[in-house]
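Work through the following exercises with the sequence and the 3D structure at hand. Try each task before you read its solution.

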There are 4 protein chains.
Amino acid sequence: MHTSSGMQVCIDHCLRCYRICLDMASSHCLELGREHTKPAHIRLMLACSEVCRSAAHLMLLGTPHHRDLCAKCAEICEDCARDCERVGNMEECVKACRACAESCRKMAA
Amino acid sequence: MHTSSGMQVCIDHCLRCYRICLDMASSHCLELGREHTKPAHIRLMLACSEVCRSAAHLMLLGTPHHRDLCAKCAEICEDCARDCERVGNMEECVKACRACAESCRKMAA
Amino acid sequence: MHTSSGMQVCIDHCLRCYRICLDMASSHCLELGREHTKPAHIRLMLACSEVCRSAAHLMLLGTPHHRDLCAKCAEICEDCARDCERVGNMEECVKACRACAESCRKMAA
Amino acid sequence: MHTSSGMQVCIDHCLRCYRICLDMASSHCLELGREHTKPAHIRLMLACSEVCRSAAHLMLLGTPHHRDLCAKCAEICEDCARDCERVGNMEECVKACRACAESCRKMAA
């Protein structure tokens, strides 16, 4: 494969964050109600999930355009982590978002 | 729907550019060979397609994060349009990419 | 493009159903609460949206495997249309799902 | 999360097959030329990648509709594995497709 080991690590983080955000939004959040089910929170979880999925896709394609998308992905992951902390009881998602953000910042540098 | 008519127009452009880039990469380019089948060209077509798909997705979700992704989408669409002009015989793709880039710049403003 | 005019019509229906299901789930349903926000309904809307998106993708790629995915897409669209009728106040989504299901059945035949 | 450990294993296989097919199509195959770059082979790799991505997505959403998509995913993975064996020098992809097919068949059962 054309992807470096550093990039493979970032793809790991993006796909992990994609799957945790989507899984938790669809199960945990939709079922708990209250702050977890507020439209802005669910939308942010789904948007974070989509951008992580797409950043991984660009890295896998091997185009230099992945850098900018990784920079963008880091920002939405940080926003999602903050919102999950505010909502509470979302530790796994906070952790995945922060790890993905850090990895994406390195990739974008 | 929560999306404005301006946003619906941008979603139209993104989904149109997504489908033309993917269709032309998979049929036209893979079959013509030479410059059309060079890895960098096919990868750029597929990456442009993916970013357009994802920008439309964020607009449909209705999160404010769509702005940054639209800005990014405009850039990759311009790069794809330029590369398609260089390769030649890609007029439909050039046109769709330019229209999408213009629409995404407005959305990002 | 390698895609026939019949296939282009089916891609139109799939992308239209994708966007209406995602937009309505994220805006209309998450905001209305009650039956609209029940986990099973939101999940079905998001799953229908994803399968439509993916069926369009396979048609655009031009592989013969699109037939089976179109058959599957027709089933989930019918299920989604029925659930939207049950929930009520979802006419636009019901219409898009039914039109997509009919178009996908033709494509799968 | 609502997903069982058996389902998490299948999501692992689908995301692994997605990423190996996309990475190898975009790097290895587009660069090697000859049989590797024939349109039907590249299209099948990209289609297999997309269906794996989408099957994982439905499992993550937690809808019962994932079963049918997993059944379909198993078929396209077997077709992709066979085509990769025919083309040759694609061992990693053959292995990922076979493992994903087996896991998807269990999930669909």
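**Exercise 1. Describe the order of the secondary-structure elements in chain A, and state how many helices and strands there are.**

Solution. Reading along the sequence of chain A, we meet the pattern α-α-α-α. The count for chain A is therefore four helices and zero strands, where helices (H or I, at least four residues) and strands (E, at least two) are DSSP runs numbered from the N terminus. Before going on, note that this is a predicted model, in which local features need pLDDT of at least 70 and side-chain atom pairs count only at pLDDT 80 or more, while totals for chains, interfaces and linings use all residues. Residues are numbered from 1 along each chain as its sequence is written, chains are lettered from A and ligands numbered from 1 in the order in which they are written, and side-chain values use heavy atoms, with hydrogens and water left out.

**Exercise 2. Find out what radius of gyration chain A has, and set it beside the value for a compact globule.**

Solution. The rule for a globule is 2.2 Å times the number of residues to the power 0.38, and the radius is taken over C-alpha atoms. For 109 residues this gives a value near 13 Å, and chain A, with 14 Å, agrees with it. Next, consider the box taken along the principal axes, which the C-alpha atoms of chain A fill: it is roughly 45 × 20 × 20 Å. Finally, 65% of the 109 residues of chain A count as buried (under 20% relative accessible area, with exposed meaning over 50% and partly exposed in between, for a 1.4 Å probe and protein chains only).

**Exercise 3. Determine which rotation and shift lay chain D on chain A.**

Solution. In general, two copies of a chain are related by a rotation about an axis and a shift along it. Here a turn of 180 degrees with a shift of 0.0 Å along the axis lays chain D on chain A with an RMSD of 0.0 Å, the fit being made by least squares on the C-alpha atoms of residues with pLDDT of at least 70 in both copies. In chain D, the C-alpha nearest this axis belongs to D:Leu15, at 3.9 Å. The same surface serves both copies, since 100% of the contact residues of chain D recur in chain A (contact means heavy atoms within 4.5 Å).

**Exercise 4. Is D:Pro39 buried or exposed, and which residues does D:Pro39 touch?**

Solution. Begin with the location: D:Pro39 is found in helix H2 of chain D, which covers residues 39–61. Its relative accessible area is 18%, so D:Pro39 is buried. Leaving aside residues up to four places away in sequence, D:Pro39 touches B:Leu30 and B:Glu31.

**Exercise 5. Place B:Thr37 in chain B and list what B:Thr37 touches.**

Solution. B:Thr37 sits in the loop between helix H1 (5–32) and helix H2 (39–61) of chain B. With 11% relative accessibility, B:Thr37 counts as buried. Not counting residues up to four places away in sequence, the residues that B:Thr37 touches are B:Cys29, B:Leu30, B:Leu32, B:Ile42 and D:Thr37.

**Exercise 6. What is the value of phi of A:Arg34, and where does A:Arg34 lie?**

Solution. Phi of A:Arg34 is near 50 degrees, which is a positive value in a residue other than glycine. A:Arg34 is found in the loop between helix H1 (5–32) and helix H2 (39–61) of chain A, and with a relative accessible area of 78% A:Arg34 is exposed.
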